[in-house]
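Student: I would like a close look at one part of this protein, namely the way its helices pack against one another. Please place that part in the setting of the whole chain.

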Amino acid sequence: LFALQQAAARMALQPFDLDPTSTRSAKPGSMAPFGSKVPLAEPSWYQNLNTPYYNASHVAWRAKLRDFFEKEVEPIVDDWDKQASMNNHAACGEYVKRMYAKSAQYGILPACVGKPWPGKYTSAAEPEGYDYFHELINVDEGTRAGGGIAWAMMGGLGIGMPPVLNFGVPSDRALQDRVVRECLAGEKIICLCITEPGAGSDVANLACTAEDKGDHFLVNGNKKWITNGIYADYFTVAVRTGPPGSAHKGLSMLLIERNSSPGITTSKMDCMGVWPSGTTYIEFDNVKVPKKNVVGRVGDGFKQIMYNFNHERWLLAAQAARMARTCVEESIAFARSRRTFGKFLIEHQAIQHKIGEMARQCEGLQAWLENVTFQMNTMSKEEQNRKLGGHIALLKLSSSRVAEFCASNAMQVLGGAGYTRSGKGTKVERIYREVKAYAIPGGSEEIMLNLAAGQFGFVTRRAPDPRDKIIKQLKDELKRVQSKM
């Protein structure tokens with residue numbers, strides 16, 4: 001019996017056939033182990049498990065990204081976070097500029113703006129068979145150092161550039177070409193400006209105005225919680241070009257240049273986490289913007305904002321998934337070294353169960369994330385927006401809750417070390433501060449549930465409201481009175 005069990009185990013460990021020369025399509029198979037040796041510290045395809053999604057092109061891309069972030073980013077993360085917490089804008093600005101330039105040298109930045117690869121605007125080599133799994137690897141590897149670093153290096157570009165790429169600047173193609181090239185080359189920084197002090201998820205009620213002055217718009221209003229805003233050279237701004245009360249039909253998007261547009265004031269906000277990202281409060285005070293700077297068409301702003309939301313939420317879900325997994329890695333590594341009551345902390349069953357529960361949720365989240373990524377790979381952008389809105393909303397919700405659960409439990413495993421902004425608990429302490437940046441931005445958890453309920457059509461018919469009958473009677477009476485006047 002024992003011999004049969006051993007033979008069965010050997011058979012179970014044999015990988016499916018994988019053609020190592022193929023980069024066009026993934027075949028079920030296993031890849032060589034990669035990354036951390038800590039159990040469950042990496043996604044399953046890093047762990048020598050079979051995968052239907054990844055191939056040799058993804059393996060090469062992953063190696064390039066791991067090399068970049070380990071060599072160029074991880075050595076400066078702690079100081080970058082520290083300087084940001086002290087509002088040392090000069091030091092943080094230098095870090096941002098340096099990392100954008102280095103990312104461009106490695107050919108990474110074009111992978112921050114979605115699919116297809118923007119080959120028209122960059123000389124960076126496109127990975128063979130480039131797809132959303134390449135971008136997922138980009139986000140995953142980039143978040144190992146923390147959410148604030150990921151937002152600093154990819155946040156503004158990843159959400160600020162897609163409207164320009166997807167809808168263009170039809171009246172000034174030269175401006176479009178220059179802005180995209182400069183940003184993908186790491187020479188300039190762009191950010192997306194949608195959220196306002198009085199409107200976040202309620203996009204239709206944005207109040208920042210762009211008044212038509214003939215040959216230009218005059219922009220007035222405020223934007224709040226804008227990633228990379230303090231460092232930005234360009235602003236992709238949602239504005240109201242329609243009259244008051246025009247709701248979603250009165251929105252447009254403008255591409256605004258800082259240096260040629262007096263009246264823009266940016267102030268870094270003191271937030272709970274993601275400090276290196278440069279969360280910003282922006283004031284537009286009588287800013288003259290040429291009409292040729294309209295992104296797409298006037299009045300299409302709401303459509304443009306919605307068009308990119310799924311991709312943004314998918315990015316946030318991927319980041320939260322890696323942050324949660326980092327908590328598992330840090331918990332196991334710490335518990336293996338820490339001694340309590342004459343034994344290693346990891347030997348205590350309560351700790352094993354705590355970490356096991358964290359890992360269970362991480363593995364489930366990763367499988368869901370990769371399934372949604374596969375759906376994106378097999379759909380046009382229009383089909384994604386038709387079919388995946390509810391799925392991605394629930395994915396984002398789940399990712400923020402898993403990240404929050406893992407951060408809280410990792411903090412308990414590390415104890416005082418996790419409560420300290422140095423030493424062995426540095427990563428866990430940072431992630432604990434950052435998880436709410438995934439539960440709120442990009443659509444709060446409550447909004448995600450509402451969106452999913454609407455997308456899936458939970459309610460097929462509504463119960464009659466007694467008030468409707470009374471309202472109808474009052475309206476009929478009003479009409480009757482008005483007809484006699």
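Tutor: The account below begins with the whole chain, moves to the helix packing, and ends with some individual residues.

This is a predicted model, in which local features need pLDDT of at least 70, side-chain atom pairs count only at pLDDT 80 or more, and totals for chains, interfaces and linings use all residues. Residues are numbered from 1 along each chain as its sequence is written, and side-chain values use heavy atoms, with hydrogens and water left out.

The protein contains 15 helices and 12 strands; helices (H or I, at least four residues) and strands (E, at least two) are DSSP runs, numbered from the N terminus. Its C-alpha atoms fill a box of roughly 100 × 60 × 50 Å along the principal axes. The radius of gyration is 25 Å, which agrees with the value near 23 Å for a compact globule of 485 residues. That radius is taken over C-alpha atoms, and the globule rule is 2.2 Å times the number of residues to the power 0.38. Of the 485 residues, 52% count as buried, where buried means under 20% relative accessible area, exposed over 50%, and partly exposed in between (1.4 Å probe, protein chains only). Among contacts between residues at least 6 apart in sequence, 73% join residues at least 24 apart; a contact here means heavy atoms within 4.5 Å.

Two packed helices are described by the angle between their axes and the distance between the axes. The axes are lines fitted to C-alpha atoms, for helices over the stretch in contact, and angles run from 0 to 180 degrees between N-to-C directions.

Consider first the pair H2 (56-85) and H5 (residues 147-160). The axes of H2 and H5 come within 11 Å and cross at roughly 120°, and the two helices are therefore oblique to each other. In this scheme, angles under 35 degrees count as roughly parallel, over 145 as roughly antiparallel, 65 to 115 as roughly perpendicular and the rest as oblique. The crossing of H2 past H5 is right-handed; a crossing is right-handed if the near helix is turned clockwise from the far one by less than a right angle, and left-handed if anticlockwise. H2 contributes Phe68, Phe69, Val73, Val77 and Trp80 to the contact, and H5 contributes Ile149, Ala152, Met153 and Met154. By class, these residues are nine nonpolar, no polar and no charged. Ala, Val, Leu, Ile, Met, Phe, Trp, Tyr, Cys and Pro count as nonpolar, Asp, Glu, Lys and Arg as charged, and the others, Gly among them, as polar.

H5 also packs against H3 (89-106). Here the axes come within 10 Å and cross at roughly 75°, which makes H3 roughly perpendicular to H5. Met99, Tyr100 and Ser103 of H3 meet Ala152, Met153, Met154 and Leu157 of H5. This contact has six nonpolar residues, one polar and no charged.

H4 (132-142) is mostly covered, with 11 of its 11 residues buried. Among them are Phe133, Leu136, Ile137 and Val139, together with His134, Glu135, Asp140 and Glu141. The cover over H4 includes H2, H5, H8 (301-337), H9 (349-377) and H10 (381-387).

Another pair is H11 (residues 389-414) and H12 (residues 426-434), whose axes are 9 Å apart at an angle of about 145°. H11 passes H12 in a left-handed crossing. Ala407, Ser408, Ala410, Met411 and Leu414 of H11 meet Val428, Glu429, Ile431 and Tyr432 of H12, a set of seven nonpolar, one polar and one charged residues.

The loops linking the early helices hold two backbone features. Asn87, in the loop between H2 and H3, has a phi near 60°, a positive value in a residue other than glycine; at 32% relative accessibility, Asn87 is partly exposed. In the loop between H3 and H4 lies Pro116, joined to Lys115 by a cis peptide bond with omega of about 5°.

Two strand residues complete the account. Trp225, in strand E5 (residues 216-226), also has a positive phi near 60° and is partly exposed at 43%. Thr236, in strand E6 (residues 234-240), is buried with a relative accessible area of 0%. Leaving aside residues up to four places away in sequence, Thr236 touches several residues, including Gly160, Val164, Ile190, Leu192 and Leu254.
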